Amino acid sequence: MQELVKEINKHLSCEFQAGHTYLAMSIWLREKDLAGFSSYMQTKSQEERGHADRLITYLVDCDEKVELPGLEAPQRSWESTQSLFDHVYEMEQSVTTSINRIYSIAEQKGERSATAMLDWFVAEQLQEEAEARFVRKRLRLAAGNSAALLLLDQQFLDGTALLAVKGQPKEKSI
Ligand SMILES: [Fe+2]
Ligand SMILES: [Fe+2]
């Protein structure tokens, strides 16, 4: 169990750091007056905090120690909305890799409560990667066209931007 606890604690920084990066993205997008994208990123930032809370709750329920990580200052600007979403996609892929690693350790150790808890994260990462890939592709189709970018921004404001993304229905993070 101790190796698993260490890895879960290490993974906490992935979730907090992702939350911090999404907040920085939300600010940058707001500065560009892309209100829809910005509010999407703000929600994602809060969700990442919710993911960290899930892991913290698990550790506390198992009577194990939680070690909160320090945070690094996130990147603050991007070349374009397209490159920002490339960053989102890469970041989510690295979170998925980290979850998969922890999952393998939990399986090796026969820690069933951990694999049960991590099943939620596996489904969540599938959804997050699908969303990021979808938005990336849409932005590539928009190819820097301002009208297309503003339409997608409006769809985020209306809550319709991601309706076509397949995957699990989004549960509340906490
Ligand atoms: Fe997360
Ligand atoms: Fe995420």
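# Reasoning about a predicted helical model

Me: Why is Ala52 called buried?
Reply: Ala52 has 23 other C-beta atoms within 10 Å, and the cut-off for a buried residue is 20 or more such atoms, so Ala52 counts as buried. This conclusion, like the others below, concerns a predicted model. The residue itself sits in helix α2.

Me: Which residues is Ala52 in contact with, leaving aside its neighbours within four places in sequence?
Reply: Once those neighbours are set aside, Ala52 is in contact with Leu12, Glu15 and Phe16, where a contact requires C-beta atoms within 7 Å. For Leu12 there is also a distance between C-alpha atoms: those of Ala52 and Leu12 are separated by 5.7 Å, although the two residues are 40 residues apart along the chain.

Me: What makes Thr97 count as exposed?
Reply: Thr97, which belongs to helix α3, has 11 C-beta neighbours inside 10 Å; since a residue is exposed at 12 or fewer, Thr97 falls into that class. Its C-alpha atom is separated by 29 Å from that of Thr160, a residue 63 places further on or back along the chain.

Me: How do you know that α1 and α3 are roughly antiparallel to each other?
Reply: Their axes cross at roughly 165 degrees and come within 10 Å. Angles over 145 degrees count as roughly antiparallel, and α1 and α3 are therefore placed in that class. In passing α3, α1 makes a left-handed crossing.

Me: Which residues of α1 and α3 meet?
Reply: On the α1 side the contact includes Glu3, Leu4, Ile8, Cys14 and Met25, and on the α3 side it includes Leu84, Met91, Val95, Ile102 and Ile105. Taken by class, the residues of this contact divide into eleven nonpolar, three polar and three charged.

Me: Why are α3 and α4 described as roughly antiparallel to each other?
Reply: The angle at which α3 and α4 pack is about 160 degrees, with 9 Å between their axes. An angle over 145 degrees is what the term requires, and the two helices are therefore roughly antiparallel to each other. Here too the crossing is left-handed, as α3 passes α4, and the contact has 15 nonpolar, six polar and eight charged residues.

Me: What makes α2 oblique to α5?
Reply: Helix α5 covers residues 146-158, and α2 packs with it at an angle of about 45 degrees, the axes being 6 Å apart. That makes α2 oblique to α5, because an angle of this kind is neither under 35 degrees, nor from 65 to 115, nor over 145. The crossing in which α2 passes α5 is left-handed.

Me: Which residues of α2 meet α5?
Reply: Ala35, Gly36, Phe37, Ser39 and Tyr40 are the residues from α2, and they meet Asp153, Gln154, Gln155, Phe156 and Leu157 in α5. By class, five of the residues in this contact are nonpolar, four are polar and one is charged.

Me: Which residues touch the most other members of the largest nonpolar core?
Reply: This core has 18 residues, and those touching the most other members are Met25, Leu29, Phe37, Met41 and Phe85. At least two residues come from each of α1 (2-31), α2 (35-61), α3 (81-108) and α4 (112-142), and α1 gives the most, with five residues. Another core, of ten residues, lies apart from it, and among its members are Ile8, Ile102, Met117 and Phe121.

Me: What does Phe37 touch, not counting residues up to four places away in sequence?
Reply: With those residues left out, Phe37 touches Leu29, Thr81, Asp153 and Phe156.

Me: Why does Asp33 count as exposed?
Reply: Asp33 has 10 other C-beta atoms within 10 Å, and because the limit for an exposed residue is 12 or fewer, Asp33 is exposed. Asp33 lies in the loop between α1 and α2, and it has a positive phi of about 65 degrees although it is not a glycine.

Me: How do you know whether Asp63 is buried or exposed?
Reply: The count for Asp63 is 6 other C-beta atoms within 10 Å; set against the limit of 12 or fewer, this leads to the conclusion that Asp63 is exposed. Asp63 is in the loop between α2 and α3, and its phi is positive, about 60 degrees, although Asp63 is not a glycine.

Key. Residues are numbered from 1 along each chain as its sequence is written. Chains are lettered from A and ligands numbered from 1 in the order in which they are written. This is a predicted model: local features need pLDDT of at least 70, side-chain atom pairs count only at pLDDT 80 or more; totals for chains, interfaces and linings use all residues. A nonpolar core is a set of buried Ala, Val, Leu, Ile, Met, Phe, Trp, Tyr and Cys residues joined through C-beta atoms within 7 Å. Helices (H or I, at least four residues) and strands (E, at least two) are DSSP runs, numbered from the N terminus. Two residues are in contact if their C-beta atoms, placed from the backbone, lie within 7 Å. Axes are lines fitted to C-alpha atoms, for helices over the stretch in contact, and angles run from 0 to 180 degrees between N-to-C directions. A crossing is left-handed if the near helix is turned anticlockwise from the far one by less than a right angle, and right-handed if clockwise. Ala, Val, Leu, Ile, Met, Phe, Trp, Tyr, Cys and Pro count as nonpolar, Asp, Glu, Lys and Arg as charged, and the others, Gly among them, as polar.
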